[in-house]
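Q: I am new to this structure and would like to start with a single part. Please pick one helix, look at it closely, and then lead me from there to the rest of the chain.

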Amino acid sequence: MDLGVLLDEATFLLNMTFLLLVAGICSVVFKKLRMPAIIGYLAAGIILANYWVGESEETESIISILSSMGLVLLMFCIGMELNLKKLRKTGAFAVMVALVQIPLMISGGYIFGLIMGWDMITSILFGAIISGSSTAVVTAVLKDQGRLSKEDIDTIILITVVEDVVQVVMLSMAAPLLTGSPMELDSMIWMIMIILVFMIVAVSVGLLFVPRALDWIASKMPNEILLVTAVGMCFAMALMSVWIGMSMAIGAFLMGVVVSQAASRSTIEHDITPMKDIFMAMFFISVGLEIAPQGLIDNFVLTMLIFAVYAVLKAGSVLFAYFVGNRPMRIGFLSSVSLVVMGEFAFIIAKAGLDAGVLSESFYTSVVSAALVSMIFLPIFTSRSGKICDYVYENSPKFLANSLHKAESIRERHYSKIALSSKSTSSKFRERAVLAYLFVLLLFVIEIVFFLFTPAMTDFIYENIGGNVTYGICYTIVLAINFVAIAIPLYSLIKHLKFVEKVLIDSERKAEARGEGNLQRRVIKFYKAFVRINNWVLVFIFAFVILILVPSSVGLVEHILAMLGGIGIIVLIYAFRSRSSAD
């Protein structure tokens with residue numbers, strides 16, 4: 001046999017021996033300390049990167065390949081956890097919690113990044129990094145401790161799965177940011193359109209054929225053929241996502257979602273678990289390989305600051321979402337504490353940013369270290385969360401305790417009054433409230449886009465119109481376009497809000513008829529006045545206020561001109577639509 005082949009085999013076996021044995025020993029140690037095995041894998045990576053003389057280019061190549069396989073299989077399995085049928089039946093509350101707290105986490109992370117003096121891209125990625133929790137760690141800790149009911153645990157796990165879905169979308173949208181090149185409006189829009197089309201087509205077409213094909217194989221062939229086929233499909237989708245410029249993690253996740261709808265899903269999940277565990281360990285070892293012990297010491301303050309910001313934002317936003325969802329404050333507190341652990345996507349997004357050269361090594365080390373801290377503290381926090389809740393309630397200032405109790409009472413009264421409505425009205429109330437919230441998020445997204453690209457759009461108009469048009473007029477034109485862009489979702493938002501308030505007024509009347517009404521009269525008067533005002537008048541007022549609040553380089557006069565121009569555009573659009581329908 002060729003000597004080079006023998007050396008390659010020896011190098012591979014030596015690397016696998018060290019990687020798996022060190023990872024196994026570290027995991028045993030941390031498991032004995034009642035901590036997740038993931039910490040052992042990360043610790044093994046740190047040890048091997050800094051204290052193993054066998055590290056070489058061959059080692060890095062082997063680990064890179066194995067960690068990529070681990071990432072693909074990890075994302076495939078996370079996708080399989082998203083059961084769309086279960087999500088439709090029992091996931092409404094979990095989706096609501098995720099939709100409420102994720103924007104708060106992203107916004108809080110972005111604001112923290114700006115306060116720290118980080119650039120815009122780093123701040124955005126930081127918000128995306130801290131927006132999720134670890135499904136694997138949360139599941140292991142909660143089921144091991146058994147402090148919450150099965151229903152509450154299932155809800156928490158479903159929240160983490162929805163967070164994973166949102167973070168997959170964010171990772172897709174972050175692809176243009178990770179190129180490291182200046183953002184151009186046309187190329188970014190084109191990239192986003194490609195990503196959206198790919199995700200929609202991949203899931204839609206996949207759902208038509210893949211579950212049926214896998215179920216046929218499961219009924220006719222041995223289990224190993226079913227597993228090989230499913231994994232092959234997983235890598236094929238990961239390859240397609242790489243071809244269009246996305247992360248391979250996204251394609252693997254999408255195929256996991258598609259496979260989750262097959263009747264043979266449980267067989268695939270059972271058979272793939274041992275293989276996933278091995279390669280997932282390699283992925284987390286590769287994360288640890290990027291960290292130097294000195295870096296942990298040098299970035300200790302930033303690490304603890306990131307962890308503190310994450311813990312406060314996560315616990316606070318989840319508690320607020322549970323409060324809005326009419327769940328008991330105690331359950332909300334215990335659930336919010338149970339989610340204070342940074343997820344697998346914290347590593348995936350951070351590593352993508354590091355590999356793209358967008359994030360610095362010190363920032364990456366701080367994020368990974370903060371995630372480790374959250375994993376270490378989660379079992380401690382959750383085991384004492386009940387006592388912490390009781391202590392805070394008993395020792396908090398009387399005015400604060402009374403305020404919380406009053407807020408909870410008001411919320412429960414509102415929900416009890418809404419329950420007096422018919423089932424159809426109550427269902428529409430929840431639907432309209434959720435839609436109103438989504439339109440608020442859409443308004444935020446629109447304003448962020450215009451804030452980022454208004455200078456580029458103004459330059460484009462200024463360069464192409466020519467003549468005697470000033471730069472200020474071009475800027476005003478962009479503001480007018482912005483006005484129209486937010487006026488359309490604002491109109492829908494106001495329609496939904498008016499429906500919500502009509503239900504509240506009607507519920508209050510029914511409660512008064514039963515001797516239960518106690519909503520303040522001035523609140524009722526405000527609701528009635530809001531409902532009576534013309535929708536478009538409210539749209540123009542709110543749109544103008546939004547334009548004023550968003551920072552810009554022009555004055556009040558330009559904003560007024562932009563509003564008038566936007567109103568003119570809207571009037572022309574509706575006049576054209578009316579004429580077309582008349583014809």
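A: Let's begin with helix α11, which runs over residues 248–259 and has 12 residues. From its first C-alpha to its last it reaches 17 Å, close to the 16 Å expected at 1.5 Å a residue. Please keep in mind that this is a predicted model.

What makes α11 a good place to start is its cover: it is mostly covered, with 11 of its 12 residues buried. Here they are by name: Ala249, Ile250, Gly251, Ala252, Phe253, Leu254, Met255, Gly256, Val257, Val258 and Val259. As background, nonpolar side chains tend to be buried together in soluble globular proteins.

Now let's step back to the chain around this helix. It has 583 residues, and 46% of them count as buried. There are 23 helices and zero strands. The chain exposes about 29,100 Å², with carbon and sulfur atoms supplying 68% of that area. Of the contacts between residues at least 6 apart in sequence, 79% join residues at least 24 apart.

Two other helices can be set beside α11. Helix α14 (residues 300–324) has 25 residues and reaches 36 Å from its first C-alpha to its last, close to the 36 Å expected at 1.5 Å a residue. Its buried residues are Leu302, Thr303, Ile306, Phe307, Val309, Tyr310, Ala311, Lys314, Ser317, Val318, Ala321 and Tyr322. To read such a list, it helps to know that an α-helix has 3.6 residues a turn, so residues three or four places apart point the same way. Just after α14, Asn326 takes a positive phi of about 65°.

Helix α12 (residues 265–289) also has 25 residues, and it reaches 34 Å from end to end, C-alpha to C-alpha, close to the 36 Å expected at 1.5 Å a residue. Look for a kink of about 45° at Thr273 in α12, shortly before the proline Pro274.

Next, the interior. The largest nonpolar core has 122 residues, and those with the most contacts inside it are Met75, Phe76, Ile129, Phe284, Met342 and Phe347. Helix α3 (residues 57–80) gives the most to this core, with 12 residues. Another core lies apart from it and has 29 residues, among them Cys474, Ala487, Leu538 and Leu547. Back in the largest core, Ile129 is worth a click: leaving out residues up to four places away in sequence, Ile129 touches Gln167, Met342, Ala346, Ile349, Ala350, Leu359, Phe363 and Val367.

One of those neighbours, Phe363, brings us to the aromatic rings. The structure holds 10 aromatic pairs. In one of them, the rings of Phe112 and Phe126 have centres 5.5 Å apart and planes at 40°, so this pair is tilted. Phe112 sits in helix α5 (residues 92–115) and Phe126 in helix α6 (residues 120–129), so the pair ties together parts that are 14 residues apart in sequence. Phe112 counts as buried at 10% relative accessibility, and Phe126 counts as buried at 0%. In another pair, the ring centres of Trp118 and Phe363 are 5.0 Å apart and the planes stand at 90°, so that pair is edge-to-face. Trp118 belongs to the loop between α5 and α6 and Phe363 to helix α17 (residues 361–395), so the pair links parts that are 245 residues apart in sequence. Both Trp118 and Phe363 are buried. Together, Phe112, Trp118, Phe126 and Phe363 form one aromatic cluster.

Helix α17 also holds Pro379, which counts as buried at 12% relative accessibility. Pro379 and Val137 are 242 residues apart in sequence, yet 9.5 Å apart in space, C-alpha to C-alpha.

Two more spots round off the tour. Val162 has its place in helix α8 (residues 150–173) and counts as buried at 9% relative accessibility. The C-alpha atoms of Val162 and Gly132 are separated by 9.1 Å, with their positions 30 residues apart along the chain. Ala213, in helix α9 (residues 185–220), counts as partly exposed at 31% relative accessibility. Ala213 and Thr229 are 16 residues apart in sequence and 9.6 Å apart in space, C-alpha to C-alpha.

Conventions:
Residues are numbered from 1 along each chain as its sequence is written. This is a predicted model: local features need pLDDT of at least 70, side-chain atom pairs count only at pLDDT 80 or more; totals for chains, interfaces and linings use all residues. Side-chain values use heavy atoms; hydrogens and water are left out. Rings of Phe, Tyr and Trp (its six-membered ring) pair if their centres lie within 6.5 Å; planes under 30 degrees apart count as stacked, over 60 as edge-to-face and the rest as tilted. Helices (H or I, at least four residues) and strands (E, at least two) are DSSP runs, numbered from the N terminus. Buried means under 20% relative accessible area, exposed over 50%, partly exposed in between (1.4 Å probe, protein chains only). The expected span of a helix is 1.5 Å times one less than its number of residues. The bend at a residue is the angle between axes fitted to the seven residues ending there and the seven starting there. Contact means heavy atoms within 4.5 Å. Accessible areas come from the Shrake-Rupley method with a 1.4 Å probe; for residues, only the protein chains shown count as cover. A nonpolar core is a set of buried Ala, Val, Leu, Ile, Met, Phe, Trp, Tyr and Cys residues joined through side-chain atoms within 4.5 Å.
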